[in-house]
Amino acid sequence: MKAEIERYARGEFGVNAPKVSISREFIQLKIEAGTIYQDAIHIDTDNDCSIKGIVYDDNYIIDFDTHSFIGKKNTINYTFDATKREIGYNLSGHIYIITDGGEYTIPYSVEVVTPFLNASTGHIDDMSQFVMLAEKDWNEAIRLYESEEFRRTFLSKQVAYQKVYESLSMSLS
């Protein structure tokens, strides 16, 4: 016991700090207007020591399912709500992670974009691109036409298109 006290008196402390590993170094989001984006950050230890910490962002626009964590493997789920954001909305900021193994910063950039369909030819965000896809690959066009993404991309604000869509859908069934 005397030897341990002398070691502490010399400033020799045997504290094992966790070696923190974070899954993301930068987050760049292009989120469709009217949607909610969900993802996660993984905060793990490389040396088998438990990590304690908190997480927050400087603009308070990212919603974390929890702001604190304890453990060797931690998953921090987060969401960004673009349902009330206008197309073209841009924001940059930082996610701060404060742990007993150090402080970390993850820069992020968010851009709210026009809704689009993912097709074999790339992003489709207007009706003329969809017509060109239908001319090339009818089966893929039908699959996309019946999807929820089609309604969100082309029909959400177009009353005339909605009526034509409903009429065509009834004739196909």
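**View 1. V20 is a buried residue, with a relative accessible area of 15%.** This is a predicted model, and our tour starts at V20, which counts as buried because its value falls under the 20% cut-off. You'll find V20 in strand β1, which covers residues 20–22. Skip the neighbours within four places in sequence, and V20 still touches I43, D44, I51, T99, G101 and Y104. Take G101 from that list: G101 sits 81 residues away from V20 along the chain, yet their C-alpha atoms are separated by 6.1 Å.

**View 2. Four strands line up as an open sheet in the order β1-β3-β7-β5.** The pairing here is antiparallel. Look at the edges, where β1 and β5 (63–64) stand: each has a single partner strand, so one side of each has no neighbour in the sheet. For β5, 2 antiparallel bridges make the link to β7, residues 73–81. One pair to pick out is D63 with its bridge partner T79 in β7.

**View 3. Strand β4, residues 51–57, has side chains that take turns between two faces.** On one face you get I51, G53, V55 and D57, which are buried; K52, I54 and Y56 point to the other face and are not buried. That fits a general pattern: in a regular strand, side chains alternate between the two faces of the sheet.

**View 4. β4 pairs with β6 and also with β8.** With β6 (residues 68–71), the match is antiparallel and runs over 4 bridges; here G53 has F69 as its bridge partner. With β8 (residues 90–99), β4 is again antiparallel, this time over 5 bridges, and V55 has I97 as its bridge partner.

Definitions and conventions
Residues numbered from 1 in each chain as written. Predicted model: local features only at pLDDT ≥ 70, side-chain atom pairs only at ≥ 80, totals over all residues. Heavy atoms only, no water. Buried < 20%, exposed > 50% of the residue type's maximum accessible area, 1.4 Å probe, protein only. Contact = heavy atoms within 4.5 Å. Pairing = 2+ DSSP bridges.
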